[in-house]
Amino acid sequence: MGAVDQRDSALTPSFTPEHEALQSLVRRFAQEKIKPIAEQFDESGEFPLETIREMGRLGLMGIEVPEEYGGAGMDTLAYVLTMIEVAKADASHSTILSVNNSLYCHALMAFGTEEQKQQFLVPVASGEKIGAYSLTEPMSGSDAATMSSRAVLSDDGTHYVINGRKSWVTSGPVADVMILFTMTEPERGNKGITAFLIDASQPGLKRGKKEPKLGIRASATSEILYEDYRVPVANVLGKVGEGFRIAMQVLDAGRIGIASQALGIAEAAYEAALEYARIRRAFGSPIGQFQMIQQKIADMRTRIEASRQLIYHAVLAKARAKQTGGRYTTEASMAKLFASETAAFVTDEALQIHGGMGYSKELPLERYYRDARITRIYEGTSEIQRMVIARSELGLR
Amino acid sequence: MQIVTFTRSTPDTAARVEVGSDGKITWGGASTVVNPWDEYALEEAIVQAKNIGGKATVIAIGPEMHSEALKHSLAMGLDEAVRIEDPALDPVDGLSYAAAAAAAVNKLEDVKLVLFGKEAVDVGTDQHTVMIARKLGFPLLTSVSKILAIDTAAGTIQVERTLEGGKQVVTSSLPVVISVTKEINEPRYPSFIGIRKASKATIPVWSLADLGVSLPVRRTVVNAYSNLPPRSVEVEMIDGEPAVQAKLLVDRLLEEKVL
Ligand SMILES: Cc1cc2nc3c(=O)[nH]c(=O)nc-3n(C[C@H](O)[C@H](O)[C@H](O)COP(=O)(O)OP(=O)(O)OC[C@H]3O[C@@H](n4cnc5c(N)ncnc54)[C@H](O)[C@@H]3O)c2cc1C
């Protein structure tokens, strides 16, 4: 705290030939298989099950999970590069990817027992099943500790009985398994939250209707209703009362993913705008000749690169934290804050550069604009990111 | 038993291929990809090797840059890769390529099938399949759009060939050289794990001495490439009311014999 940390200022994570091969594979897959269906799934709001399954087969659903647990055994840089390429083709696909990888699989890798990993991680990392992360409730979002769902230990101590309503569960309509955060000791506030591994096929779990949304429409989101849902004590992830810490720690990893998603959307919009500024003519010259358009291009490109550097900075901080057992909360929050605000800025300016055509559904600009909007809200709003960064800097709580 | 296929790295189709002032072809710093046509042969090699319970081997002839295509092949699921490099093969012409390729197939054991893609996107030649089949003394089946059956016990293969305006079913003895069309399959994308395994693989390099082959005497030498002269295009704007414009346009199209 205090002085600005300059340790990584001249470094980026090391790019191996393996990373390059992965990046070109994902780029090709995303451009050939995902991009052509993005518009149709945005329109229908259907969950793109077929491409998600194929992504599972390629190893994209458990990128950082070791091979022995069904994953691809790669690192965070590989995850970041994948998220950027997928988001560039379609943000919805990248949302599904991010929850599966950096929330669900990450939590199991960090806190799961061997039995839990076998049962709950292997099928999800290999893409056979889909995972979800469920913290938010209708009356509790940013302030997660005020949740009202409850898990009560049975008299014989063998299982918990869960009741309550969770909202905004990404992949909720299709998820096979979920990590659920709920209160076991309400009187303890934050410290009364416990994380559970939930098998969605068991009785007592009801999926609500799919939320109609502004953007990332193919990433299906719903409420999940628990009515006397029984979960064995063996399904407690981590320790009882440790849920809030798990939820927050997992979000550190998640935020690097959302930052990468935001960067991917921004890049897609920027590339379209650049092309358009070269070919669209007005007043006798390409619009790219006008200083006001040039300013937009320069600012877009600069913020995109700054976002990328903040993401790499967070990737390095995460790798270091893994060795020291520390956290990388501030780095992840800064990357997420800046990249998501950049995505909003860039998609807006890119749409503006396209004029009326930007507003038309004939081009994907309006979709980029709608899709970018979510990155400032989920996994902690921009306000919450600023709060997290400032609190950590100031040392005040 | 094994199935052998050949591949090479070619410039990305998005690359801007240019002829330099020295009469040589360049494609800037553009990345290379596995020759797109070969992907169908690679996919078929994987599928048919599994089908007959043999292994699938891929060979590239040429310098280090072709290792990329071999790594891609291994990542897709080919069992083994070999690269053939020799100063005498640089530059390589069709007949030398065929001589080296045939020698490599002969060096491998119990080859049943030699698969090729339709052509190479960079040089666009489709002559090596014919030459290789001739050198090996194997029958050649071109434009194969489906492998219907392989009977290793009887030593036969039945395929469907795409002809202009129709199909043909042919049975041949094994071993055989086959070139495949795009209709034969949908090539798989390599998986992350495949890529990781491939990037760790060391690919053996064979020289012409290893193959025990000497090259035929080169009778043709490419001296230089040049661009076609740029096409001169004239654009004429037709003014007036839509009905008048349409009439003028049709008249002009008839005049130019477009219609
Ligand atoms: C499409 C989508 C998918 C989602 N997926 C998931 C998921 O998979 N799992 C999951 O658990 N959740 C998910 N969420 C929920 C998401 O994380 C929350 O919506 C988000 O954390 C904000 O919570 P909230 O909606 O309750 O807003 P609130 O917390 O009610 O916030 C309302 C406003 O007040 C501001 N605010 C709140 N507190 C402060 C403060 N202290 N200082 C300043 N401003 C403040 C916020 O920034 C915001 O602008 C998803 C949401 C959406 C829209």
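The legends below describe close-up views of a predicted model. Local features are given where pLDDT is at least 70 and side-chain atom pairs only at pLDDT 80 or more, whereas totals for chains, interfaces and linings use all residues. Residues are numbered from 1 along each chain as its sequence is written, with chains lettered from A and ligands numbered from 1 in the order in which they are written.

**View 1. The shell of residues around the ligand.** The ligand is surrounded by 22 residues, of which A:G141, A:S142, A:T170, A:T381 and A:E383 come nearest; a residue is near a molecule or strand if its C-beta atom, placed from the backbone, lies within 6 Å of it. Strand 1 (131–134), strand 3 (159–170) and helix 11 (382–394) of chain A are the elements that give two or more residues to this shell, where helices (H or I, at least four residues) and strands (E, at least two) are DSSP runs numbered from the N terminus. Domain 2 (133–241) and domain 3 (244–394) of chain A each contribute at least three residues to the shell, the domain bounds coming from an automatic or database domain assignment. By class the shell holds 11 nonpolar, 8 polar and 3 charged residues, with Ala, Val, Leu, Ile, Met, Phe, Trp, Tyr, Cys and Pro counted as nonpolar, Asp, Glu, Lys and Arg as charged, and the others, Gly among them, as polar.

**View 2. The contact between domain 1 and domain 2 of chain A.** Chain A is assigned domain 1 (17–130), domain 2 (133–241) and domain 3 (244–394), and the C-alpha centres of domain 1 and domain 2 of chain A lie 23 Å apart. Their contact takes 21 residues from domain 1 and 19 residues from domain 2 of chain A, two residues being in contact if their C-beta atoms, placed from the backbone, lie within 7 Å. On the domain 1 side, helix 1 (17–44), helix 4 (91–111) and helix 5 (114–125) of chain A each supply at least two residues, and the largest share, 9 residues, comes from helix 4 of chain A. The residues of this side divide into 13 nonpolar, 5 polar and 3 charged.

**View 3. The open sheet of chain B.** In chain B, 9 strands form an open sheet with mixed pairing in the order 11-10-9-12-8-1-6-7-13, two strands being paired if DSSP finds at least two bridges between them. Strand 11 (166–173) and strand 13 (205–206) of chain B are the edge strands, each pairing on one side only.
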